[in-house]
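Reader: I'm new to this one and would like a close look at a single part of it: the salt bridges. Could you walk me through them?

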Amino acid sequence: EEVSRQLQDTKVVPMKKRKWNKVQAAAAAALCLLATSTVAYAGNRLYHMYVEKQGNYRVETGIQADAGTSVQLPEQIHDVAISTNYIPDGMTWTDEDHLQYTAQNGGFTFSSVLLDSDDFEKAKEDKNIVVLCSDSRGSASMTPFADAFPEQFVETGIAEQNLVSISAGLAKCGKKTFACSPACFLSTRSYEQAKIDCAYSNTNVKLIGISGGVSYGALGMSHHSAQDIAAMAAIPNMRVYLPSDRFQTAKLVEALLTDEKPAYIRVGRNAVADIYSEENTPFEMDKATVLSEGTDVLLVACGEMVRPALDAAAMLKEEGISAGLLDMYCVKPLDKEGLVEAAKKAKVVISIEEHAPFGGLGSMVSLVVGAECPRKVVHMSLPDAPVITGTSKEVFDYYGLNAEGIAAKAKELLK
């Protein structure tokens, strides 16, 4: 009520190219007064708002502002900014525009892969393709698919165990099922179903863990998935993949459509810079992609860590250090042959992953290198502790999981 009263007589403040309505502004104002992280409702939409203290309170939010509306802010809010991690300039928040932006700027393009751009050819041609969501169609950019193919889409609601079991049942009936849900929940709440209904029963279910790693930022450990690689890889007959950009994601999903084995695919929430291009995306199923060869240090990365690793390799090259880089999107089955071949050429090996230090890519790299071609192996990962609060970039920067941090670690090991 106090916030609403203050909204009545204050001036209109434009927000870059977007503006907030009064309900959204009131929620933001309340958050500033509380100085906390929370989730707020505005109308029938859910908005995540992140507050951090930088001198004055600053709000960074992923809200969906209505075009043409204005916002009135109370005087306490000195600085309100929209995080480019959530609403980059030029992006509008219809589902179609979100999908278009994602396809143009990296990020996860699962929906566009199944829809095959504007033609929907894959889903048109193969009616056995079925997508299931656990109240996550927006996050997975699957609303266009659901609208175009309502008979090939199932919404289970927030019930991850049901999501996986229903997917397995449909797979046993001949369907090619893709179960989309936040990685933090898919890899924990439905772990038994993934183990028994998918892996043990050998059903054609592709588990799509969206918003993986620390993608959810300020929502904290409850919404982070820093254990999913270890958990899923430990299940016999469960493959684990972490594609690094939109082009590799497309190649991976196309390949997965041709087999009938279960798999877990983790993707992030935010757009990422391209590694590959439409014309040049080398891809072989279950084989790492060699992005560079080197004789000093070998970098082995997966998922969103491939981009900073690639930039680090370029930085090291400028300083006369020869750095090899493997895009190990196939964490399980790990490309042992490719890893050993590259490791033999290098003096030290560094694994980089958005995961806890135990049981992930680094552990697998150590097992193979230690047994086949002993080298010093160092893991760069998230800590064995709840990570700091912040956006993905802020978290990566804090723990040195960026180009500068990777390059510095390589130089330190080569001294």
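Author: Sure, let's start with the count: there are 17 salt bridges, where a salt bridge means a side-chain nitrogen of Lys or Arg within 4 Å of a carboxyl oxygen of Asp or Glu. Before the details, keep in mind that this is a predicted model, where local features need pLDDT of at least 70, side-chain atom pairs count only at pLDDT 80 or more, and totals for chains, interfaces and linings use all residues. Residues are numbered from 1 along each chain as its sequence is written, and side-chain values use heavy atoms, with hydrogens and water left out.

Take D126 and K176, a salt bridge whose closest N and O atoms are 2.7 Å apart. This pair links distant parts of the chain, 50 residues apart: D126 is in the loop between α5 (121-125) and β5 (129-133), while K176 belongs to strand β7 (residues 176-182). (Helices, H or I with at least four residues, and strands, E with at least two, are DSSP runs numbered from the N terminus.) D126 is buried at 18% relative accessible area, and K176 is partly exposed at 24%. Here buried means under 20% relative accessible area, exposed over 50%, and partly exposed in between, using a 1.4 Å probe and protein chains only.

Next up is E337 with K287, whose side chains meet in a salt bridge at 3.8 Å, N to O. E337 lies in helix α13 and K287 in the loop between β10 (263-266) and β11 (289-292), so this pair ties together parts that are 50 residues apart in sequence. E337 is exposed, with a relative accessible area of 59%, whereas K287 counts as partly exposed at 29%.

Now for a pair within one helix. The side chains of K409 and E412 form a salt bridge at 3.9 Å, N to O. These two are three residues apart in helix α16 (residues 403-413), so about one helical turn separates K409 from E412. K409 is partly exposed at 25% relative accessible area, and E412 is partly exposed too, at 48%.

Salt bridges can also join up: K206, R239 and D259 are linked in a network of them.

As for the setting, the chain has 16 helices and 16 strands, and buried residues make up 55% of its 415 residues. Links across the sequence show up in the contacts as well (heavy atoms within 4.5 Å): among those between residues at least 6 apart in sequence, 73% join residues at least 24 apart.
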